[in-house]
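Biologist: Got a minute to go through this model with me? I'd like to start with how the chains are arranged.

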There are 2 protein chains.
Amino acid sequence: MIQTELKPLLTSISDFDLKTYLTTEKELVEKALDESLPLGKPEKIYEAMRYSLLAGGKRLRPILCLATAQLLGEKKIIAMPTACALEMIHTMSLIHDDLPAMDNDDYRRGRLTNHKVYGEDIAILAGDGLLAYAFEYVAENTKNISAERIVKVLAILGKAVGAEGLVGGQVMDLDCEGKSDVTAETLTFIHRRKTGALLEACVSCGAVLAGASSDDLTRLSIYAQNIGLAFQIIDDILDVTATSEELGKTAGKDISAQKATYPKLWGIETSQAKAEELVKDAIEQLVVYGEKALPLQAIAQYIVQRKN
Amino acid sequence: MIQTELKPLLTSISDFDLKTYLTTEKELVEKALDESLPLGKPEKIYEAMRYSLLAGGKRLRPILCLATAQLLGEKKIIAMPTACALEMIHTMSLIHDDLPAMDNDDYRRGRLTNHKVYGEDIAILAGDGLLAYAFEYVAENTKNISAERIVKVLAILGKAVGAEGLVGGQVMDLDCEGKSDVTAETLTFIHRRKTGALLEACVSCGAVLAGASSDDLTRLSIYAQNIGLAFQIIDDILDVTATSEELGKTAGKDISAQKATYPKLWGIETSQAKAEELVKDAIEQLVVYGEKALPLQAIAQYIVQRKN
């Protein structure tokens with residue numbers, strides 16, 4: 001499947017020390033997240049917000065945002081408030097998705113879900129608080145960037161969460177639960193919104209902050225859409241093939257919830273091949289940036305090779 | 001209680017045709033709200049968002065925002081996207097507050113609450129969608145205003161919703177339910193956040209959009225804080241004295257939920273006097289603007305005289 005002319009690039013990507021890169025970036029992000037939300041009054045709500053925001057995870061979204069700003073020649077520090085906001089938004093969506101009225105999940109990232117610890121009322125409010133704070137945090141803390149760009153970033157963030165993004169994807173997902181006739185088209189509609197929209201926002205926000213051209217934005221959007229869909233396909237595959245311990249969340253959940261998934265529609269092998277094809281296209285989009293694109297390309301590669 | 005020098009002003013306020021003013025402004029706002037959120041896919045979520053956003057109500061928050069921009073010499077149309085966003089945020093807070101895990105209310109503005117019609121899952125997501133869209137809408141639709149001011153407005157909106165605002169107030173409120181020893185200080189902490197923060201944001205956003213000076217902002221903040229608290233005191237009083245039909249929501253709910261209220265702490269008469277005192281101070285803050293302040297002053301007056 002891999003074309004000959006891509007081979008040297010793929011070798012460079014394999015040589016890129018992604019593990020060290022991700023570890024260093026994750027540490028930076030963890031520190032920034034911890035500082036972004038100090039305790040206040042009433043303490044309970046800050047504790048609930050911090051419980052989920054600081055629960056670990058790969059921090060892929062903030063890292064994508066920082067890496068994109070850097071790819072386009074900006075210092076990554078200028079994108080840090082937005083990177084934190086992206087993780088706040090992601091965390092909000094996890095807290096609300098886990099609620100009994102939604103996916104009703106007890107564990108997330110190997111720990112009890114927010115509502116299992118703080119109760120449903122506080123979990124709903126912690127999500128609301130994180131969502132609102134994401135916008136406030138970008139608006140108040142982004143430095144050395146023109147207000148025009150900040151307004152654009154805030155618009156992108158809003159769109160990624162709303163009915164055209166996360167929320168719309170989750171509604172469609174809930175709607176399809178237990179249905180046996182979900183098409184690949186519908187499934188892709190769901191995931192383009194539920195996972196893809198926010199991943200695309202990570203990259204677009206980083207790009208806008210760094211003053212991207214419209215060509216940059218097009219390339220980076222395709223990159224993000226592809227890795228978003230590939231990420232979801234692999235997620236579906238891992239739900240079938242990995243253990244709960246490996247995942248840090250309940251495995252086999254899609255089957256027990258009778259969810260439509262790619263492995264169900266296409267089988268595991270075809271799903272894996274499709275994910276690899278998407279990632280290859282994503283990598284090719286960024287060839288024009290040369291070596292500077294290696295972190296983003298290596299992240300794309302990692303998505304199809306990850307085990308959790 | 002009313003001082004002699006305020007008498008002529010109070011006469012002007014009484015002569016101001018507030019009823020016509022509010023009717024005209026409400027019509028403008030209703031039209032703008034209807035246009036702000038056209039149906040999209042998946043339809044169910046847009047319907048759920050529109051169900052609550054277009055459920056009527058006084059539209060006091062958007063009207064306050066428009067009136068403030070106008071008071072400071074701006075065309076009110078420039079504040080309309082922000083005015084709509086404030087109502088989206090208010091609506092989100094009502095949808096989430098009404099959920100079974102929170103206040104568990106079946107009726108709101110004389111109609112079934114969002115989750116009674118669409119289910120809890122969709123109601124949570126409709127709230128999330130409205131909250132995110134509020135920010136997106138301001139960022140994308142505010143015209144002829146500098147990006148610097150738009151960023152400030154978005155920061156104010158975020159703060160008004162988060163743990164320092166609505167969310168923090170609701171957490172404290174839930175915490176105090178059924179407690180017999182809630183002090184006036186705690187009650188005021190709750191209401192400054194639960195009602196006051198957003199009302200203050202309405203006025204501050206209108207002011208920032210119109211390029212307010214820091215003196216303007218101080219005066220208008222005091223005005224808003226006072227009418228916010230007065231509004232809540234009167235709400236508490238009406239919960240005791242009005243019928244469900246008059247209110248368009250369940251009356252006597254505070255008593256049955258054993259909520260701390262001002263009438264409970266101070267008695268109805270003292271509560272009413274305190275609300276009137278707050279409103280008088282609010283009116284005085286705006287004397288410096290002369291006749292242009294009449295709409296805001298008449299709104300303040302209306303808050304203590306309203307019957308629902």
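Modeller: Sure. Turn chain A by 180° with 0.0 Å of shift along the axis and it superposes on chain B, RMSD 0.0 Å (a least-squares fit on C-alpha atoms of residues with pLDDT of at least 70 in both copies). That is the relation of a two-fold axis. This is a predicted model, where local features need pLDDT of at least 70 and side-chain atom pairs 80 or more, while totals for chains, interfaces and linings use all residues. Residues count from 1 along each chain as its sequence is written, and chains are lettered from A and ligands numbered from 1 in the order written.

Biologist: Which residue of chain A comes closest to the rotation axis?

Modeller: Ala147(A), with its C-alpha at 2.6 Å.

Biologist: And how many residues does each chain put into the contact?

Modeller: 43 from chain A and 43 from chain B, taking contact as C-beta atoms, placed from the backbone, within 7 Å. Among the helices (DSSP runs of H or I, at least four residues), H7(A) gives the most to the side of chain A that touches chain B, with 14 residues.

Biologist: What's the chemistry on that side of chain A?

Modeller: 26 nonpolar, 7 polar and 10 charged. Here Ala, Val, Leu, Ile, Met, Phe, Trp, Tyr, Cys and Pro count as nonpolar, Asp, Glu, Lys and Arg as charged, and the others, Gly among them, as polar.

Biologist: Switching topic: what does Leu154(A) touch?

Modeller: Leaving out residues up to four places away in sequence, its partners include Phe135(A) and Val138(A), plus Phe135(B), Ala139(B) and Leu154(B) across in chain B.

Key. Two residues are in contact if their C-beta atoms, placed from the backbone, lie within 7 Å. Helices (H or I, at least four residues) and strands (E, at least two) are DSSP runs, numbered from the N terminus.
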